[in-house]
Every structure is written in structure tokens, then in C-alpha cells.
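Trainee: Could you take me through one part of this protein in close-up? I'd like to hear about a single stretch and what surrounds it, in one go.

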Amino acid sequence: MDGTEALDFLKTCASPPDLVLLDVMMPVMSGYECCQKIRETYTRSALPIIMVFFPPRVHYTFCAF
């Protein structure tokens with residue numbers, strides 16, 4: 001699933017999932033962009049997001065917060 005598909009899923013699901021795992025390097029839309037779009041609708045407490053990336057890099061960790 002890419003970022004645009006994830007956003008479409010969130011718009012059409014009956015209730016949001018308990019947690020979202022986003023890959024930083026997704027095709028079409030990056031995990032950062034997808035996270036920003038999700039945050040326009042859901043607060044951190046309403047829908048937690050965990051950013052996943054490989055290989056681990058400190059720069060990516062700081063950008064996710």
C-alpha cells in the first residue's frame with residue numbers, strides 16, 4: 001500500500017485503526033507526507049503513527065517528530 005492508498009483507506013473505513021505504521025520510503029507519497037495528511041484529520045492520541053525505516057538513521061528519526 002502506498003501513501004495515497006493509505007489515505008483513501010482511512011477516508012473510507014468505518015472506524016480508524018488503533019495504530020498506523022508508515023514506511024518513510026513509500027512510493028507515490030512518502031511516509032512523512034502521508035503522516036502530515038493524517039495529522040490534518042487525526043490527533044496523536046486519536047491515531048498513533050509509528051514511522052518505520054531501514055537502515056536506521058538519526059536524521060530520519062528527528063524528521064518524524
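Mentor: Let's start with Tyr32, which counts as partly exposed because its relative accessibility is 22%, and the cut-off for buried is under 20%. Bear in mind as we go that this is a predicted model. Tyr32 sits in helix α2, and that helix, together with the loop leading into it, is the part I'd look at.

Look across from Tyr32 to Leu22: 10 residues separate the two in sequence, and their C-alpha atoms are 8.3 Å apart. Strand β1 covers residues 20-23, while helix α2 takes in residues 31-39.

Now the loop between β1 and α2. Met26 is found there, and with a relative accessibility of 14% it counts as buried. What does Met26 touch once you leave aside its neighbours within four places in sequence? The answer is Met1, Asp2, Gly3, Gly31 and Cys34. Helix α1 runs over residues 3-12 and α2 over 31-39, so Gly3 belongs to α1, and Gly31 and Cys34 to α2. There's also a long-range pairing to check: Phe53 is 27 residues from Met26 along the chain, with 9.8 Å between their C-alpha atoms.

Val28 lies in that loop between β1 and α2 too, but it is exposed, at 68% relative accessible area. Have a look at its backbone while you're there: phi is positive, about 70 degrees, although Val28 is not a glycine.

Back to α2 and its partner. The axes of α1 and α2 come within 9 Å and cross at roughly 20 degrees. That makes the two helices roughly parallel, since angles under 35 degrees count that way. The crossing is right-handed. On the α1 side, the residues that meet α2 are Gly3, Ala6, Leu7 and Leu10; on the α2 side they are Cys34, Lys37 and Ile38. Notice that Cys34 turns up in this helix pairing as well as among the contacts of Met26.

Cys34 deserves a moment of its own. Its relative accessibility is 0%, so it counts as buried. Cys13 is buried as well, with a relative accessible area of 18%. Why is there no disulfide at Cys34? A disulfide is a covalent bond between the sulfur atoms of two cysteines. The closest cysteine sulfur to that of Cys34 is in Cys35, and at 7.6 Å it is too far for a bond. The structure as a whole holds 0 disulfides.

To put this part in its setting, the protein has 3 helices and 2 strands, and along the sequence they follow the pattern α-β-α-β-α. Of the 65 residues, 31% are buried, and Met26 and Cys34 are among them. Taking contacts with a separation of 6 or more, 64% are between residues 24 or more positions apart. As for the outside, the accessible surface comes to about 4800 Å², and carbon and sulfur atoms account for 61% of that.

Terms used: Residues are numbered from 1 along each chain as its sequence is written. This is a predicted model: local features need pLDDT of at least 70, side-chain atom pairs count only at pLDDT 80 or more; totals for chains, interfaces and linings use all residues. Side-chain values use heavy atoms; hydrogens and water are left out. Helices (H or I, at least four residues) and strands (E, at least two) are DSSP runs, numbered from the N terminus. Buried means under 20% relative accessible area, exposed over 50%, partly exposed in between (1.4 Å probe, protein chains only). Contact means heavy atoms within 4.5 Å. Accessible areas come from the Shrake-Rupley method with a 1.4 Å probe; for residues, only the protein chains shown count as cover. A disulfide is a pair of cysteine sulfur atoms within 2.5 Å. Axes are lines fitted to C-alpha atoms, for helices over the stretch in contact, and angles run from 0 to 180 degrees between N-to-C directions. Angles under 35 degrees count as roughly parallel, over 145 as roughly antiparallel, 65 to 115 as roughly perpendicular and the rest as oblique. A crossing is left-handed if the near helix is turned anticlockwise from the far one by less than a right angle, and right-handed if clockwise.
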